[in-house]
Amino acid sequence: MKVQSVQWGYAGRINQNQPGDRNISLSHKAQGKLYAANPLAHDTVSFGARGMGNLPELLRCQLRCMYSGILLINPNHIKNLERSGVLSKSLETVIKALAPSEQSFYRVEKEVFLILKNLSKNIPGKNVRDTMQIIRPGHIDDLHRSQRPIFEALAEKAKGLDVHSQNAFDSLMYMESKKLNEMPIYIPFSRREFTYRLGKAVNGTEHPQLMKELTEIVYSAPHYRDPEAPVKQHIALKKIEKMLGDRFDSRALKNLLGDAYRRIRGEKQVISFSRKSFIYDLGKKLQNCTDSTLKEEMLAIARQLPTSNESASAWIVKNANDSSDRIAMRIITPSMATIEHIRPRSKNGPDQIYNYGWVSQKWNSNIRGDIDFAEFLLAYPEIEPNIYKYFCHLIELNNQGVFHKLKIPEDYIPNLKNTIEKESQGLMNISLDGFRWSGDKYDIC
């Protein structure tokens, strides 16, 4: 299916050789410290945390996410699916493997699952990726239709910009229109972007010292406008390859290095449009805007662009080029059970059972992150009823003797209550009406 051209009137208006500087103002040392000082991924998504005791056994009891109320999927089930290789097989086989967890999927993931489920009856022999490639063009059209009025509103607002900011905005929109139409473009090697993606590829939060050393190497090469940049950037990449060796033999790392080498050689590439990158770049282009109110209004409009958390079309367009198993994993893992530190580890939250609750990976990693619990409650007041329901379920399990059978200390419930009430700074008052003590306590070391 031919994709309708998306231009918004910017093609041909400006010189396409205006890539813009994508490097942020942090020094290379600060970049390295960023990973060491902000252990977000390790802090917020964990299954094998210390001090858990037999708490994972509760996942056998149809436990729901403390924040969203969705039925959690046991991580062991997801690991078994991944290791079995079933997610790389035919679409029909993958659908059968995922079907038992369908009631746990979040709205967008469930919508994608149902689209694939319906197609599995009509497209025999195709795997998940092949099927996604078939439906991707139509969803690109759908996504463009929802993006167009937002870009048009931005263009209208941009008429009020000063001349310098207007030119910067036009330059950005010219490049973004090419991305949206999947036209090859030249993007210079960006130290900031490469460091960010490298941190994700090697799980930099788990290896802060390694990440610091890698960041030092990246920033030892000059900015892309330096005449000697290509040679020195190439040398830096070779050093990184040698340093990592076979430690991180991942698809993400190989793709990242391949992309970096092509950028250094000045090759044009098809770069997918990224909402997150666009909003960041828009802020950079407007950083010298003389009208701060107009700048914030434009950023607010840009944030209305659909995300893969809100739109099935955006989800499909974003993930369609991944391998079959990775696409299937992205349907199921947002509902995976993870241990939530009520008081984040990054804010000295202890690795103790009374600081642990069960939440989905989506809410743990993508939504809450490591913000203070009280701030989180104010931002998402809809989670409060689900927290109360979570405690009702725990009390019910305890009174049925489940805690005793699984050797989980029953004082976990009142201790968790105290933690949440303290961290909520008075916003929550949890009742333990009906809770029955049996006096059972167990060693949780």
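A residue counts as buried when its relative accessible area is under 20%. By that cut-off, 50% of the 445 residues of the chain are buried in this predicted model. The chain is built from 20 helices and two strands. Its exposed surface comes to about 21,700 Å², and carbon and sulfur atoms supply 49% of that area. Among contacts between residues at least 6 apart in sequence, 75% join residues that are at least 24 apart. The points below cover aromatic pairs, charges over rings, salt bridges and one buried threonine.

**Aromatic pairs**

- A pair of aromatic rings is described by two values, the distance of the centres and the angle of the planes.
- Twelve aromatic pairs are found in the structure.
- One of them joins W363 and Y380, whose ring centres are 5.4 Å apart. Their planes stand at 75°, and planes over 60 degrees apart count as edge-to-face, so this pair is edge-to-face.
- W363 belongs to helix α16, which spans residues 361-368, while Y380 sits in the loop between α17 (373-379) and α18 (384-399). The pair therefore ties together parts that are 17 residues apart in sequence.
- The two partners differ in burial: W363 is buried at a relative accessible area of 9%, whereas Y380 is partly exposed at 27%.
- Another pair is formed by F373 and F376, with ring centres 6.4 Å apart and planes at 55°. That angle is neither under 30 degrees nor over 60, so the pair counts as tilted.
- F373 and F376 are three residues apart in helix α17, a separation of about one helical turn.
- Both rings of this pair belong to buried residues, F373 having a relative accessibility of 1% and F376 one of 0%.
- W363, Y380, F373 and F376 are joined with Y67 in a cluster linked by ring pairs.

**Charges over rings**

- The charged end of R192 is placed over the ring of Y280, at 4.2 Å from the ring centre.
- K362 has its charged end over the ring of Y106, and here the distance to the ring centre is 4.5 Å.

**Salt bridges**

- The whole structure contains 22 salt bridges.
- K157 and E297 form one of them, and their closest N and O atoms are 2.9 Å apart. K157 is in helix α6 (residues 128-158) and E297 is in helix α13 (residues 292-302), so that this salt bridge links parts of the chain 140 residues apart.
- Both ends of this bridge are partly exposed, K157 at 31% relative accessibility and E297 at 34%.
- R368 and E340 form another bridge, with the closest N and O atoms 2.7 Å apart. It links R368 in helix α16 to E340 in strand β1 (residues 337-341), and the two residues are 28 apart in sequence.
- In the R368 and E340 bridge, both residues are buried.
- K347 and D372 also meet through their side chains in a salt bridge, with an N to O distance of 3.9 Å. This falls within the 4 Å cut-off for a salt bridge.
- K347 lies in the loop between β1 and β2 (356-360), and D372 lies in the loop between α16 and α17. The bridge therefore ties together parts that are 25 residues apart in sequence.
- K347 is partly exposed at a relative accessible area of 29%, and D372 is likewise partly exposed at 35%.
- Salt bridges also join E193, R197, D259 and R263 into a network.

**A buried threonine in helix α6**

- T131 is part of helix α6, the helix that also holds K157.
- With a relative accessible area of 0%, T131 is buried.
- The side chain of T131 reaches the backbone oxygen of N127, at a distance of 2.9 Å.
- Leaving aside residues up to four places away in sequence, T131 touches L91, L116, L119, I123 and K126.

Methods. Residues are numbered from 1 along each chain as its sequence is written. This is a predicted model: local features need pLDDT of at least 70, side-chain atom pairs count only at pLDDT 80 or more; totals for chains, interfaces and linings use all residues. Side-chain values use heavy atoms; hydrogens and water are left out. Rings of Phe, Tyr and Trp (its six-membered ring) pair if their centres lie within 6.5 Å; planes under 30 degrees apart count as stacked, over 60 as edge-to-face and the rest as tilted. Helices (H or I, at least four residues) and strands (E, at least two) are DSSP runs, numbered from the N terminus. Buried means under 20% relative accessible area, exposed over 50%, partly exposed in between (1.4 Å probe, protein chains only). A charge sits over a ring if NZ of Lys or CZ of Arg is within 6 Å of the ring centre and within 35 degrees of the ring normal. Contact means heavy atoms within 4.5 Å. Accessible areas come from the Shrake-Rupley method with a 1.4 Å probe; for residues, only the protein chains shown count as cover. A polar contact is a pair of N or O atoms within 3.5 Å; within protein, one must be able to donate a hydrogen and the other to accept it, and residues adjacent in sequence count only if both atoms are side-chain atoms.
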